[in-house]
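Student: Please take a close look at the ligand site of this model. I would like one connected account of what surrounds the ligand and which contacts it makes.

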Amino acid sequence: MSAATSNDPRWNLLDGTLPMLVGGELVTDGETSDIVSSRDRRVAGRFAVADEALVERAVATARGAAAGWAGLTGFERGKYLLKIADIMEKHAADFEFLDAIDIGKPVTAVRYSDMPVSLSALAYFAGRAQDLGGRSVEVGDPMVSHRARLEPYGVVLEVLPWNGPLWTGVQRMAAILAAGNVAIMKPSELASASFSYLASLIADVLPPGVLTVLNGRGSQVGAQLVKHPDVAMVSLTGGIETGVRILQDTAAQVKRVSLELGGKNPNIVLDDADLDTAVMWSTMGAFSNSGQICVCGSRVLVQRGIYDAFSARLVEAAKTRVVGDPLLESTEMGPVVGEDHYSKVWSYIDGAIAGGEGELLAGGQRYTEGPLSEGWFVPPTVFGGVDPSCTIAREEVFGPVVTLTPVDDLDEALSIANDTRYGLASGIFTTSVDSAEKAARELQAGQVYVNQWFAPGGLQAPSQGYKTSGLGGVGIEKYLQTKNIFIRSTPGNQ
Ligand code: NAD
């Protein structure tokens, strides 16, 4: 691709096999899988992949480490997390590079989003390790006191998605370990570079077995771990079909499962919205990380009075977005993750064009020459006048594709917004407090953004997807089970 980035010394990071971590030791022998760069479709490196025997060994080692880790104080566990944060921070530029190569995420996005989110998660959960809570209630008998004690499950499996492999992985790992569980992390086969690299940096930080990193296909390594009787709890961030599969695979064991799944998130823009604000955030909401964020605002429901002005501005923003080499500082949007996903995104775009699912207003054409034709690049694409029943307005494309649907009023917008199996995120742009409050009450989603898209506070106010977008707990609580303790005092000794 760009000559400016071909001499980057960080290419050396990809010289060897990126490892897994089992029992405190880095594993690079055995099978490997290629890291195919999204920016030019070339093999850039490789990472180690687990076989059945290694998975067995890893679970046994994790199980062996569980009691010792749970027996540490929160302060002690927290100190380990802070040590990991220090190491990560020192290698921040390496993580930028690896995610840019592996999944096409612009270096600036890793620097200003994924890295701070990861570091703050480690610091936050280091503190939470000392404050796990557990309430106490009056139980109606003065001789009996109650307290709830939150306890870890033991071995927790965390199955990661490819769209934010570093921050989703670090955030969940920090919560699992802070809660007193040992963690088995299974990165996506499409995005194993940054977490494998993290494993190589922190292999000797934690007691052996407390953190395990196993790479491989979901249908093999993932499924083996999910079904393993010594894995007490499974947490997935991924697609709905995978979530259903995991529920099926764990049903007979009545295993604890938590699912953070997909979305087709409605963004309502009312006539009284501040146009600049609505356009700025809606552009970010639609095209950040090439639309590969579960909470992206991928269907915009625009009131008719502001429709033309909003549409013109959003189209202009889409056409002027800087698409390019994710290693360049100037790039605002990189490629999508890989060949299969590229084909999937184009099948939605091509299908919408062929089926007349609205008017193509921006993008929608493949890059056929120049550097952008070398990678899995998809231009920011806008369809206008889309009927809400169309496939492009109903299914999660997970690419830089946004639909605009005109609506008469807030009631119509809310009715279309809620007519979906998803319920992850939602938003509204309005200057009316009443409209904002009504939307906040009536939108059926775990998050409602008012006059912004995306939100800080994912750690302090973790969200749960409604409907098929989520299941199970959130935050550190999802990795803890509650024991109610009832203590009867001896008469006379109260
Ligand atoms: P995916 O479901 O294809 O894969 C997710 C993970 O599951 C991967 O690690 C994969 O190897 C593993 N896996 C697949 N089959 C498995 C099986 N049978 N057993 C065990 N593990 C298995 O999802 P993806 O394409 O990597 O991620 C994109 C999806 O994730 C989108 O739907 C997106 O909305 C969702 N997502 C949700 C959130 C959230 O917080 N709600 C965050 C990021 C992404």
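Tutor: What follows goes through the surroundings of the ligand, from domains down to single atoms. The model is predicted, and the distances below are computed from it. Two domains contribute to the site: domain 1 (9-261 + 471-481) and domain 2 (266-461) both give residues to the shell around the ligand, so the ligand lies between them.

At the level of secondary structure, at least two shell residues each come from helix H8 (218-227), strand E10 (233-237) and helix H9 (240-251). H8 supplies the largest share of the shell, 4 residues. By residue class, the shell consists of 13 nonpolar, 9 polar and 6 charged residues.

There are 28 residues around the ligand, and those that come nearest are Leu160, Trp162, Glu189, Thr242 and Glu396. Two of these names return in the polar contacts. For Leu160, a polar backbone atom is 2.7 Å from an oxygen atom of the ligand. For Glu189, the side chain is involved: one of its N or O atoms is 2.5 Å from an oxygen atom of the ligand. On the nitrogen side, a nitrogen atom of the ligand is 2.8 Å from a polar backbone atom of Leu261. As for overall cover, the ligand on its own has 850 Å² of accessible area, of which the protein covers 87%.

Technical notes. Residues are numbered from 1 along each chain as its sequence is written. This is a predicted model: local features need pLDDT of at least 70, side-chain atom pairs count only at pLDDT 80 or more; totals for chains, interfaces and linings use all residues. Side-chain values use heavy atoms; hydrogens and water are left out. A residue is near a molecule or strand if one of its heavy atoms lies within 4 Å of it. A polar contact is a pair of N or O atoms within 3.5 Å; within protein, one must be able to donate a hydrogen and the other to accept it, and residues adjacent in sequence count only if both atoms are side-chain atoms. Accessible areas come from the Shrake-Rupley method with a 1.4 Å probe; for residues, only the protein chains shown count as cover. Ala, Val, Leu, Ile, Met, Phe, Trp, Tyr, Cys and Pro count as nonpolar, Asp, Glu, Lys and Arg as charged, and the others, Gly among them, as polar. Domain bounds come from an automatic or database domain assignment.
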